[in-house]
Amino acid sequence: MASTAFLSTDRHRHLAPLRACSSTAPRVASTADAPVAAAVPGPDAGREGARESVARSLVALASVGHHVFRDPRPPRDRRHHAALVLVGPGGVFLLDVAEDLQVEGDQVLHGDRDVTDDVLALADVAYRAEGELVEVGLAPGEVRPVVVVTDARGVDRRIGPVRLVGEADLLRHVASYGSRLPAVEVELVLARLREMLPDLVPVVLELPEVPTPHDGRTHPSTLDVDEALVAGAAARPVESWMAVLDPAQAALVRRSFNGPCRIRGGAGTGKTLVGLHRAAYLARSRPGTVLVTSLVQTLPDVLRHQLAALAPDVADRVQLVCVQEWARRLLAARGVRVAVDESIARIAFDDAFAALAPDNPLHVPDCGPGYWRVEISKVIKGRGITDLAGYLDIARTGRRYPMSRDQRAALWELYRAYERRLGALGVHDADDLVLMAADELRRRPLDVPYSAVIVDEVQDLTAAGVRLLHGLVGDVRDGLTLIGDVQQAVYPGGWTLADVGVSVAGRGVVLTTNYRNTAQILDLAHRVVAGDEVTDLDGGVVSGERPEQVRRNGAEPVLERCGSRREQHVAMIARARTVARDAGTAGVAVLCATNGAAVHAADALRAAGLSVLLLTDYDGTQVAAVKVGTIKRAKGLEFSHVLLPDVCAELLERGDPPAGAADRERWELQRRELHSAITRARDGLWLGVA
Ligand SMILES: Nc1ncnc2c1ncn2[C@@H]1O[C@H](COP(=O)(O)OP(=O)(O)OP(=O)(O)O)[C@@H](O)[C@H]1O
């Protein structure tokens, strides 16, 4: 049999050229004026030979489900096309072929000619292909432009979004992606490619009689081939959602917005997933660093792990950190002293409140000191109000108790007394961090700005936090992506986009399919908050919104009456053992309303011989231990089985809300928190109801 040859078949003939994408944000500068196909200098015959040689080096991949195509147009006509297209479990590789390239810094040279733009032209080809392939749900990062440097070994460089790989290294490079696309997605991509590129010619990959042709070129050796295939087989397959999305989600990842945008949708609709893919996409398509942030650190830690598998190529260009930690780092870098101590701050507040005269208008039966402490944190400091006039004027979004003017004036005095005490004690509260960081940025903006900022669970941030993050990128195209769902807001107070000076008019997207929960779990979650009203970020009122579609069905949630904490723990341990036996311990989580309850639950589980990992120490790594923490810590996360050992029965009943405004606000918050906890469960849910 002859050695590997390019053979065409009838099946894939007569196709139209790749359709131009109506891109508003080209991936890299176009090379309209550049010499065509200049990445492969030399006569066409030489290029064809090089292409055939590269195709030959891919033979071994056929055995693991890859398909190779070549574009029949001669290289000089191929300005907008890749020389070879490789499709398989590792993704879609658009290959061009070049020889004698040297890389110096960010420049690619052929002899003394700068061919960087010619190399980057392949990124434009990939950008257009991505735009087509999102229609079959292919995540944009799965289309990879690679320039193969012929007759070279040990080359692996990145020039913008394009990878330069030595011919002898190509097999290993492709195989290293392991198995990312399921066979069904490979078929969908192939079908779409046939529509997109009717002229594409399948390359029949046949094992040559002589494994390494003696033509003087640097081919992969038999050893290289074996090693590459072994390494590829050893690469852990990624979860399918890392490479394959719903087409609407995949399109949203790349959608370009001329200003801040907002992605909303009920629990489990893929908001975070889209945000993560979008972070990777933006990191690939523009220079600089993308910031992904949320209120608590657990979510960014878990997302960092996911990003490393989802987009290893740009994981180092995406910074994942919670807002508080971001502010702390900025202040430390600028030498600003900050001493956050919430325990001492609480004492300072209690002391200031205790000093109020008995006839102070804040002494009302409806509201205790806790209500007023939240008012200072979420309304005055949270909204960044700096004078009484501003406070007297403000709409107290999300707060139920209607304050009189006198009460506002009295609250302002209480706030000032609290601040004086903090100052005297030399401590700050958590809100100060964000306010001080904002002051610092006003004084001196970042030396190296972010290319984009993506905020997850945005509804849980304060207005001052969102303003701070908006200030990092302003209103530039695709600068700010806000992701969230106000029905999952678990902190008191609120704000609207108008309050923070952000407009997303015409740039809001709603996701409507729940992929996480079973219909039974989601039903219970929605029963909990049914009828409750919450102010949306656009100022409207949201009530009882739920995803239009739910993809999964499963067992009914289990509600178990437990009279005492001891009974709760006994029942919780029994349930944890049962589900851990069926589904493994790693996917089990116990979530509690308070830190204290979480500590008790963790102790009880440990005493029963179960391994426990606190959510405060969880970073998304698979660990065979029951995760335990507060519901707030679990925001944005998910687990196969969720156990909620201390659920108050009244929250599940559809009775009238409490009469007092402050009580009603607390009651609604607790119900939203329970809704959030329930929707963390993918497959199974257990509630210990007291
Ligand atoms: N197209 C999809 N195909 C398969 N799984 C998906 C898809 N989209 C999302 N998922 C999965 O659904 C789950 C929920 O996604 P994600 O956490 O992004 O939702 P969310 O809207 O951010 O949820 P929440 O607001 O409740 O935190 C995740 O396991 C995610 O991988």
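The questions and answers below look at two sheets in a predicted model and at helices that lie on them. In this predicted model local features need pLDDT of at least 70, side-chain atom pairs count only at pLDDT 80 or more, and totals for chains, interfaces and linings use all residues. Residues are numbered from 1 along each chain as its sequence is written.

Q: Which strands are the edge strands of the open sheet with the order 21-26-25-22-24-23?
A: Strands here are DSSP runs of E with at least two residues, helices are runs of H or I with at least four, and both are numbered from the N terminus. Two strands pair if DSSP finds at least two bridges between them. In this open sheet of 6 strands the pairing is parallel, and the strands that pair on one side only are strand 21 (558-561) and strand 23 (612-614).

Q: What is the bridge partner of Arg 561 in strand 26?
A: Strand 21 runs parallel to strand 26 (residues 681-689), and 4 bridges join them. The partner of Arg 561 in strand 26 is Val 689.

Q: At about what angle does helix 18 run to strand 24?
A: Angles run from 0 to 180 degrees between N-to-C directions, with axes fitted to C-alpha atoms, for helices over the stretch in contact; contact needs C-beta atoms, placed from the backbone, within 7 Å. Helix 18 (residues 595-607) lies across strands 22, 23, 24 and 25, and its angle to strand 24 is about 160°.

Q: How many bridges pair strand 2 with strand 3?
A: Both strands belong to an open sheet of 7 strands with mixed pairing. Strand 2 (residues 84-88) and strand 3 (residues 91-98) pair in the antiparallel sense, and the number of bridges is 5.

Conventions. Contact = placed C-beta atoms within 7 Å.
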